[in-house]
Amino acid sequence: MKYTINNIHFNNKAEIKNYYKSIFNSYRRQEILSPQDLADVFHLLKNHPNYAEKTEKGINHIKVDWKEWNNNAFWIVHDDGDQTSFSYPTCISAVKKNKEL
């Protein structure tokens with residue numbers, strides 16, 4: 001497999017996109033991710049170019065919620081109650097291929 005995220009193997013970025021899009025679309029606004037989806041989305045989030053900045057306040061949970069222009073987005077709810085949105089396509093764009101052994 002060319003890509004691995006949280007021990008899930010993907011052949012290409014289209015498969016990654018479809019997997020995370022299905023997670024994203026399975027939630028309504030304000031709905032908090034299940035523990036398994038949280039783990040999968042968290043591991044994808046590690047690929048975001050601003051990961052350190054987006055997670056520096058800790059992560060209490062991740063939810064799907066409203067973002068400007070009538071779009072939904074994943075939102076990190078920090079331990080202090082502040083919230084930060086992130087784009088899963090941005091994370092996918094930064095995913096690197098597995099190293100060949």
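Me: What makes the pairing of Asp 80 and Lys 57 a salt bridge?
Reply: The side chains of Asp 80 and Lys 57 approach to 3.9 Å, N to O. A salt bridge requires a side-chain nitrogen of Lys or Arg within 4 Å of a carboxyl oxygen of Asp or Glu, and therefore the pair at 3.9 Å qualifies. The two residues belong to distant parts of the chain, 23 residues apart: Asp 80 is in the loop between strand E4 (71–77) and strand E5 (83–86), and Lys 57 is in the loop between helix H3 (51–55) and strand E3 (61–67). These elements are DSSP runs numbered from the N terminus, with at least four residues for a helix (H or I) and at least two for a strand (E).
The model is predicted: local features need pLDDT of at least 70, side-chain atom pairs count only at pLDDT 80 or more, and totals for chains, interfaces and linings use all residues. Residues are numbered from 1 along each chain as its sequence is written, and side-chain values use heavy atoms, with hydrogens and water left out.

Me: Why is Asp 80 called partly exposed?
Reply: Its relative accessibility is 48%. Buried means under 20% relative accessible area and exposed over 50%, with partly exposed in between (1.4 Å probe, protein chains only), so Asp 80 is partly exposed. Lys 57, at 39%, is also placed in that class.

Me: How do you know that Lys 57 forms a salt bridge with Asp 82?
Reply: The closest N and O atoms of Lys 57 and Asp 82 are 2.4 Å apart, and this value satisfies the distance criterion. This pair, too, links distant parts of the chain, 25 residues apart, with Asp 82 in the loop between E4 and E5. Asp 82 is partly exposed, at 37%.

Me: What makes Lys 63 and Asp 65 a salt bridge, and are these residues buried or exposed?
Reply: Their side chains meet at 3.2 Å, N to O, which fulfils the definition. Lys 63 has a relative accessible area of 7% and is buried; Asp 65, at 10%, is buried as well. Elsewhere, salt bridges that share partners join Lys 57, Asp 80 and Asp 82 into one network.

Me: Why is the approach of Lys 63 to Gln 83 called a polar contact?
Reply: The side chains of Lys 63 and Gln 83 are 3.3 Å apart. A polar contact is a pair of N or O atoms within 3.5 Å; within protein, one must be able to donate a hydrogen and the other to accept it, and residues adjacent in sequence count only if both atoms are side-chain atoms. The pair therefore qualifies.
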